[in-house]
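Here's a quick briefing to read with the model open beside you. It goes through side-chain contacts, strand pairing and confidence, topic by topic.

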Amino acid sequence: MKKIFFISAAFFITAFAFGQGCSDAGICSIGNGFQSTAKEFKNNVEIAAIFGAGESDVSYFSPFVSYIRQFNEKFALSTKVTFSSASGSFGTRAAFGDAFLIGKYTFAEKKKKQWSTLLGWKFPFTSSNLKINGYSLPLDYQSSLGTFDLFLGTNFKYSQWDFNVAVQIPVFNINKNSYIKEYSGTNDFPTTNLFERKSDVLFRTTYTLNTKNQKFSFKPNVLFIYHLGEDSFENIYGIRESYEGSKGLTINGNLISAYNFSKQKSVELSIAAPFVVRDIRPDGLTRSFVLALQYKFSF
């Protein structure tokens, strides 16, 4: 129990110590729901609220609802719908964000070793050009990046360890953002006019700790996310430019703590912080603090 306490304390202290955030475009969380699905039940519903603080004075409230259907021992399908409310000096703007559809195929377990694969899509509800009083807003205030993304991934489970590799590829871009810094009266946010985003690759390792009574579980995990290219935008003259420093590595630490009321019901608290960040993240996903509270039930 002391080991669990010290790991938990270390992650909570880290989360408040680092300055830039650990939100992402979807790749970090696509497999989380599958891992918590109880084998005895075919259906799993998750209701969650995420709180965060972003660049300048922007704060976020981002709830989501997800549903997982376990068709058999091998195949499961997950759907998720997100919502986001961003508040700051520009005002408050809230809207639905994205819908996710992810399929998982699990191979037979052999000697405590098990492989699974993921395939899915992310669908945007907006073209990332929400406005307040007719004024264009940077991506920090947008509920979606305005891209249709493809997810491909695989997971290897051995005893209490999970190792996950995934890629997120923007396939279709409907981003119509029109925010131009020169017209905004502030230098807090970069120009994101007609923003185009590159792909991400993720590697994650997770270790699961359970108490003897199986009521509490703790999942410290580390995520390595590599942004494969430099994002770009159209400047005030209509010329496309790249963001220097937007390509590269982000390393996040995350702790998921859960309490199981029964096999059917549980509550989960997640907190995360970055250890390494890219020089610039114009996509508006930077967070100085992220806290998520989730309730799950199976039937």
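Start with Arg197, whose side chain makes a polar contact with the side chain of Asp200 at 2.6 Å. Keep in mind that this is a predicted model. Arg197 sits in the loop between β9 (161–173) and β10 (200–207), and a second polar contact, at 3.0 Å, links its side chain to that of Asp283.

**Around Arg197**

- Is Arg197 buried or exposed? Its relative accessibility is 12%, and since buried means under 20%, Arg197 counts as buried.
- The pairing with Asp200 also qualifies as a salt bridge, with the closest N and O atoms 2.6 Å apart.
- Asp200 is buried as well, so both partners of that salt bridge fall in the buried class.
- Leaving out residues up to four places away in sequence, Arg197 touches Ala25, Leu145, Pro170, His227, Asp231, Arg278, Asp283 and Leu285.

**Other salt bridges**

- How many salt bridges does the structure hold? The count is eight.
- One of them brings together the side chains of Lys296 and Glu268, at 3.0 Å from N to O.
- Lys296 belongs to strand β17 and Glu268 to strand β16 (residues 265–276), so this pair ties together parts that lie 28 residues apart in sequence.
- Lys296 has a relative accessible area of 5%, so it counts as buried.
- Glu268, with a relative accessible area of 12%, is buried too.
- Going back to the loop arginine, salt bridges with shared partners join Arg197, Asp200, Arg278 and Asp283 into one network.
- Lys157 and Asp162 also meet through their side chains in a salt bridge, at 3.6 Å from N to O.
- What sets the two partners apart is accessibility: Lys157 is at 31% and therefore counts as partly exposed, whereas Asp162 is at 7% and counts as buried.

**Strand pairing around β1**

- Strand β1 (residues 43–53) runs antiparallel to strand β2 (residues 59–70), and 11 bridges join the two.
- Which residue of β2 is the bridge partner of Ala49? That is Pro63.
- The hairpin of β1 and β2 has five residues between the strands, and in this hairpin Ser56 takes a positive phi near 55 degrees.
- β1 also pairs with strand β17 (residues 289–298), again in the antiparallel sense, over 10 bridges.
- For a spot to look at in that second pairing, find Gly52, which stands opposite Val290 in β17.
- β17 turns up twice in this briefing: it pairs with β1, and it carries Lys296 of the salt bridge to Glu268.

**Confidence**

- The chain has an average pLDDT of 88, and 90% of the residues score at least 70.
- Where is confidence lowest, and where is it highest? The lowest is in helix α1 (residues 2–17), with a mean of 44, and the highest is in strand β13 (residues 232–234), at 97.
- Across residues 4–23 the pLDDT is below 50, and this stretch has 51 contacts in the model beyond near neighbours in sequence.

Key. Residues are numbered from 1 along each chain as its sequence is written. This is a predicted model: local features need pLDDT of at least 70, side-chain atom pairs count only at pLDDT 80 or more; totals for chains, interfaces and linings use all residues. Side-chain values use heavy atoms; hydrogens and water are left out. Two strands pair if DSSP finds at least two bridges between them. Helices (H or I, at least four residues) and strands (E, at least two) are DSSP runs, numbered from the N terminus. Buried means under 20% relative accessible area, exposed over 50%, partly exposed in between (1.4 Å probe, protein chains only). A polar contact is a pair of N or O atoms within 3.5 Å; within protein, one must be able to donate a hydrogen and the other to accept it, and residues adjacent in sequence count only if both atoms are side-chain atoms. Contact means heavy atoms within 4.5 Å. pLDDT is the predictor's confidence in each residue, from 0 to 100. A salt bridge is a side-chain nitrogen of Lys or Arg within 4 Å of a carboxyl oxygen of Asp or Glu.
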